[in-house]
Amino acid sequence: MFITIEGCEGAGKTSAIQIIQEFLKTQNISCLTTREPGGTTFGTTLRSLLLSKNTEYIPPYTELFLYLADRHHHVHTVIKPALQQGYIVVCDRFIDSTIAYQGYARGLPLDTIEQLNMIATEGLLPDYTFFLDVDPCIGLERARRRSLIDSVSQEESRFENEELVFHQTLSRAYKLMAENVSRFITIDANNPVDVVKQEIIYHLQNIL
Ligand code: TMP
């Protein structure tokens, strides 16, 4: 089974992945958690180019191709082999981030992104996608607070530094996808972490 986690900045994806990982452990289920960009050593280099607040201007198509390069390498060398070995793979962001960020927010054509996504994933689609639905103002506030105390988050703040309207567009894009694509499971991520945890575990029990 292949599960992806999606959401705007500060939605709480890291906590959600920890919750899923711990729950699967209690069920004795082997799981691999990974992320995009940066799920491989090769991808880590792409991640720092893509997310560093100090990177020079990256035109939208350059940005798209770098995310797709990271994805193809990651799917080919990590995700598919793990699925073949019977692991549940849980990935922090995947194809829907590209649709939301490079498609809706940067304005690149959605049909082109969908076609390129399919090439990059070699046809692999998630079985389930947990969408952590957070109000963009609350999410940004959380992300910016985290950047104040965490030097990695501070360095990787290129997207966080976009205007509020960019984040509001992302939020609308995710909601639209969640309404129209059946693999999406929406979690209200404005809630405290305990409530989010209960909701995630409830859904996990239903899909396992
Ligand atoms: P994160 O690890 O904090 O989620 O950071 C990844 C950033 O990269 C986040 O701002 C979303 C962005 N992103 C895209 O713009 N397109 C993509 O395809 C992916 C995977 C991430």
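Mentor: Before we start, contact here means heavy atoms within 4.5 Å. This is a predicted model, where local features need pLDDT of at least 70 and side-chain atom pairs need 80 or more, while totals for chains, interfaces and linings use all residues. Residues are numbered from 1 along each chain as its sequence is written, and side-chain values use heavy atoms, leaving out hydrogens and water.

Trainee: Okay, helix 4 then. Which residues of helix 4 meet helix 8?

Mentor: On the helix 4 side they are Asp 96, Ser 97, Ile 99, Ala 100, Tyr 101, Tyr 104 and Ala 105. Their partners in helix 8 are Phe 166, Thr 169, Leu 170, Ala 173, Tyr 174, Leu 176 and Met 177. Sorted by class, this contact has eleven nonpolar, two polar and one charged residues. For the classes, Ala, Val, Leu, Ile, Met, Phe, Trp, Tyr, Cys and Pro are nonpolar, Asp, Glu, Lys and Arg are charged, and the others, Gly among them, are polar. The helices are DSSP runs (H or I, at least four residues; strands are E, at least two), numbered from the N terminus.

Trainee: What makes helix 4 oblique to helix 8?

Mentor: Helix 4 (residues 95–105) and helix 8 (residues 164–180) pack at about 130°, with axes 9 Å apart. Under 35 degrees is roughly parallel, over 145 roughly antiparallel, 65 to 115 roughly perpendicular, and the rest oblique. About 130° is in none of the named ranges, so helix 4 is oblique to helix 8. The angles run from 0 to 180 degrees between N-to-C directions, with axes fitted to C-alpha atoms.

Trainee: And is the crossing of helix 4 and helix 8 left-handed or right-handed?

Mentor: Right-handed. The near helix is turned clockwise from the far one for right-handed, and anticlockwise by less than a right angle for left-handed.

Trainee: Why is helix 3 called roughly antiparallel to helix 4?

Mentor: Helix 3 (residues 60–84) packs against helix 4 at about 175°, with the axes 11 Å apart. That angle is over 145, so the pair counts as roughly antiparallel. Glu 63, Leu 64, Tyr 67 and Arg 71 of helix 3 make this contact with Ile 95, Thr 98 and Gln 102 of helix 4. By class there are three nonpolar, two polar and two charged residues.

Trainee: How do you know that Ile 95 is buried?

Mentor: Ile 95 has 6% relative accessibility, and buried means under 20% (exposed is over 50%, partly exposed in between, with a 1.4 Å probe and protein chains only), so it counts as buried. Leaving out residues up to four places away in sequence, Ile 95 touches Glu 6, Arg 71, Asn 117, Thr 121, Leu 125, Pro 126 and Arg 183.

Trainee: What makes helix 4 largely enclosed by the rest of the structure?

Mentor: Nine of its eleven residues are buried, so helix 4 earns that description. Its buried residues pack against strand 1 (2–7), helix 3, helix 5 (110–120), strand 4 (128–133), helix 8 and strand 5 (184–188).

Trainee: Which residues have the most contacts inside the largest nonpolar core?

Mentor: Ile 5, Ile 20, Phe 130, Ile 200 and Leu 204, in a core of 42 residues. Such a core is a set of buried Ala, Val, Leu, Ile, Met, Phe, Trp, Tyr and Cys residues joined through side-chain atoms within 4.5 Å. A second, separate core has nine residues, including Ile 79, Ala 82, Val 89 and Ile 95.

Trainee: Why is Glu 141 called partly exposed?

Mentor: Glu 141 sits in helix 6. Its 44% relative accessibility is between the two cut-offs, so Glu 141 is partly exposed.

Trainee: What about Asn 28, buried or exposed?

Mentor: Exposed, because its relative accessible area of 73% is over 50%. Asn 28 lies in the loop between helix 1 (13–26) and strand 2, and has a positive phi of about 55° although it is not a glycine.

Trainee: And Arg 93, buried or exposed?

Mentor: Buried, since 13% is under 20%. Arg 93 is in the loop between strand 3 (88–92) and helix 4, with a positive phi near 75°. Most residues other than glycine have a negative phi, and most peptide bonds are trans.

Trainee: Where is there a cis peptide bond?

Mentor: From Glu 36 to Pro 37, with omega near -10°. Pro 37 belongs to the loop between strand 2 (31–35) and helix 2 (41–51).
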